[in-house]
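Dear colleague,

Please find the structure below, handed over for your reference. A short account of what was found in it follows.

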Amino acid sequence: MTAVLKHEISNYFHSLTAYIFSAFLLAFVGFGAMLYNIQSAVANFEYVLSFVCLGFVVVIPILTMRVIAEERKQKTDQLLYSLPLKMSEIILGKYFALLAILAAVNLLALALPERLTQYDISQSKLYSITSNTKVVVNALEKDVTIYWIVQSDQEDDVIENLLDKYESLSDHIEVMKKNPDVYPTFAEQYTYNFSESQ
């Protein structure tokens with residue numbers, strides 16, 4: 001089985017099949033992101049992933065049909081069947097080769113840096129740090145602590161991502177989470193009661 005697996009993987013990368021498949025998949029993901037995230041201004045990547053599943057419905061059968069058809073076309077199927085392997089080992093070897101190609105493309109997309117995969121598409125750039133803010137943060141000389149009052153397991157990913165960006169901009173910024181269940185009176189020292197002042 002491993003001999004068939006190695007042979008299939010090398011065939012994919014010696015021909016244009018793996019490269020065309022990778023390019024098609026990445027283009028399909030890009031088109032889905034443009035359609036759902038950018039054009040419709042939806043920040044949820046879930047729609048793109050469901051759109052890509054439709055692409056798999058088309059691409060996977062094309063790749064799997066090609067596996068046996070290519071053997072017949074090149075007249076190597078008889079040679080393959082004459083190997084001292086069971087038919088199940090041949091099929092599993094070809095299957096795992098396809099799975100390896102699919103996994104490689106997905107790992108390539110996963111390895112892309114965050115700046116290439118996350119865009120702030122809101123009109124007022126709510127989820128980005130502006131250049132003016134970066135100038136102010138870089139000019140900080142004193143330490144600043146940002147307290148994020150949030151319950152455990154209730155953290156918003158968008159806020160956490162934005163606070164991480166602030167913290168990474170300067171060594172003078174520290175973000176601390178304060179759970180109101182654990183520290184119920186913590187926020188009182190930073191609030192102003194207008195009714196008492198009148």
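**The second largest pocket**

Three helices, α1 (2–14), α3 (46–73) and α4 (77–81), each supply at least two residues of the lining of the second largest pocket. Please bear in mind that this is a predicted model. The largest share of that lining comes from α1, with 5 residues.

The space in the second largest pocket amounts to about 290 Å³. The pocket is lined by 16 residues, and those closest to its centre are H7, E8, N11, E71 and T76. By class, the lining of the second largest pocket consists of 6 nonpolar, 5 polar and 5 charged residues.

**Packing of α1 with α5**

Two packed helices are described by the angle between their axes and the distance between the axes. For α1 and helix α5 (residues 87–110), the angle is about 40° and the axes lie 8 Å apart. Angles that are neither under 35 degrees, nor over 145, nor from 65 to 115 count as oblique, and α1 is therefore oblique to α5. The crossing of these two helices, α1 and α5, is right-handed.

On the α1 side, the contact involves V4, L5, E8, I9, Y12 and F13; on the α5 side, these residues meet I90, G93, K94, F96, A97, L98, A100 and I101. The residues of this contact comprise 11 nonpolar, 1 polar and 2 charged. E8 thus appears in two places: among the residues closest to the centre of the second largest pocket and in the contact of α1 with α5.

**Packing of α3 with α5**

Helix α3 also packs with α5, at an angle of about 140° and with the axes 11 Å apart. The helices α3 and α5 are therefore oblique to each other, and their crossing is right-handed.

From α3, the residues F56, I60, L63, T64, V67, I68 and E71 meet K94, L98 and L102 of α5. This contact of α3 with α5 has 7 nonpolar, 1 polar and 2 charged residues. In α5, K94 and L98 meet residues of α1 and also residues of α3. E71, for its part, takes part in the contact of α3 with α5 and is one of the residues closest to the centre of the second largest pocket.

Yours sincerely

Notes:
Residues numbered from 1 in each chain as written. Predicted model: local features only at pLDDT ≥ 70, side-chain atom pairs only at ≥ 80, totals over all residues. Heavy atoms only, no water. 1 Å grid on protein atoms, 1.4 Å probe; cavity = no way out; pocket = protein on both sides within 12 Å on 5 of 7 lines; lining within 4 Å. Points joined across faces, edges and corners; volume = space filled by probe spheres on them. Helix = DSSP H or I, 4+ residues; strand = E, 2+ residues; numbered from the N terminus. Nonpolar A, V, L, I, M, F, W, Y, C, P; charged D, E, K, R; others polar. Axes fitted to C-alpha atoms, helices over the stretch in contact; angles between N-to-C directions. Left-handed = near helix turned anticlockwise from the far one by under 90°. Contact = heavy atoms within 4.5 Å.
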